[in-house]
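Please open the model in your viewer with the sequence panel alongside, and keep the selection tool at hand. The stops below run from the whole chain to single side chains.

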Amino acid sequence: MITRPTLSLLAIGLATIYIIMPVAGVVSDGLLQFINVVLNVGGPVAGFILGALFLPMVMLGLHQILIPIHLEMINQMGSTPLLPILAMSGAGQVGAALAIFVKTRNQRLRNIIKGAIPVGFLGIGEPLLYGVTLPLGRPFLTACMGAAVGGAFQATMKTAALGV
């Protein structure tokens, strides 16, 4: 009753510190370098790539590493052009979910969409991501494509956010 939980916690804690965290650090550093390269290319190509990849980043929880980038952009430039590009992923999710809502006759799926759409409009895409588009597969890909086109448009129009 005492040793098994203690040993389990110790094993998981050591695995987290010595295996999981270093691997996650390498992945995060690589992702950050990739984002910097894409931002240096600039324009609609950068918007397209970043918009397309943001939903998979949200799916893996890696979207939080972008907050320091937003803050540093605001600090140096007064605004962040990255945030409007990435916000298009939420628009892609909502659009895909609304299309499913219109086309499906599955009442359970319609109820999930009804509950997730309001928070999707507010920018919280996880309920739509995990409850609707990702389990269905193709809508997730169309949401990524919509986010890519929206991101390219935002980059072309040079929109920027003043806050995070």
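Before selecting anything, consider the contact pattern: of the contacts in the protein between residues at least 6 apart in sequence, 66% join residues at least 24 apart, a contact being heavy atoms within 4.5 Å. This is a predicted model, in which local features need pLDDT of at least 70 and side-chain atom pairs count only at pLDDT 80 or more, while totals for chains, interfaces and linings use all residues. Residues are numbered from 1 along each chain as its sequence is written, and side-chain values use heavy atoms, with hydrogens and water left out.

**The whole chain**

Colour by secondary structure, and the protein shows 7 helices and 0 strands, where helices (H or I, at least four residues) and strands (E, at least two) are DSSP runs numbered from the N terminus. The C-alpha trace spans about 60 × 50 × 25 Å along its principal axes. Of the 164 residues, 34% count as buried; buried means under 20% relative accessible area, exposed over 50%, and partly exposed in between, with a 1.4 Å probe and protein chains only. If you display the surface, about 9,900 Å² is exposed, and carbon and sulfur atoms supply 72% of that area, as computed by the Shrake-Rupley method with a 1.4 Å probe, where for residues only the protein chains shown count as cover.

**The nonpolar cores**

Next select Ile35, Leu50, Met57, Leu66, Ile69, Leu82 and Leu86, the residues with the most contacts inside the largest nonpolar core, which has 22 residues. A nonpolar core is here a set of buried Ala, Val, Leu, Ile, Met, Phe, Trp, Tyr and Cys residues joined through side-chain atoms within 4.5 Å. The elements giving two or more residues to this core are helix 1 (3-41), helix 2, helix 3 (66-77), helix 4 and helix 7, and the largest share, 6 residues, comes from helix 2. Centre the view on Leu82, which, leaving aside neighbours within four places in sequence, is in contact with Leu39, Leu50, Leu66, Ile69, His70 and Met73. A second, separate core of 9 residues includes Ile100, Ile113, Ala116 and Leu128.

**Helix 5**

Now select residues 107-121, which form helix 5: its 15 residues reach 21 Å from the first C-alpha to the last, close to the 21 Å expected at 1.5 Å a residue, that expected span being 1.5 Å times one less than the number of residues. Look along the helix to Gly115, where helix 5 bends by about 30 degrees, with Pro118 following within four residues; the bend is the angle between axes fitted to the seven residues ending there and the seven starting there. At the N-terminal end, Asn106 acts as the cap, with a side-chain oxygen 3.0 Å from the backbone nitrogen of Arg108. Beyond the other end, helix 5 is followed by Gly123, whose phi is positive, near 100 degrees. Show the side chains of Leu109, Ile113, Ala116 and Ile117 together with Gly120, which are the buried residues of helix 5, and you will find them packing against helix 4 (82-103) and helix 6 (126-136).

**Single residues**

Which residues does Thr133 of helix 6 touch, leaving aside its neighbours within four places in sequence? They are Gln93, Ala96, Leu128, Pro139 and Phe140. Thr133 counts as buried because its relative accessible area is 0%, and its side chain makes a polar contact with the side chain of Gln93 at 3.0 Å. A polar contact is a pair of N or O atoms within 3.5 Å; within protein, one must be able to donate a hydrogen and the other to accept it, and residues adjacent in sequence count only if both atoms are side-chain atoms.

Move to Ser89 in helix 4, which is buried at 4% relative accessibility and whose side chain reaches the backbone oxygen of Leu86 at 2.8 Å. Not counting residues up to four places away in sequence, Ser89 touches Phe54, Leu55 and Ala147.

In helix 2 (residues 43-60), pick Val58, which is buried with a relative accessible area of 9%. The C-alpha atoms of Val58 and Leu129 are separated by 8.8 Å, although the two lie 71 residues apart along the chain.

Finish at Lys158, in the segment after helix 7 (138-157), where phi is near 60 degrees, a positive value in a residue other than glycine. Lys158 is exposed, with a relative accessible area of 71%.
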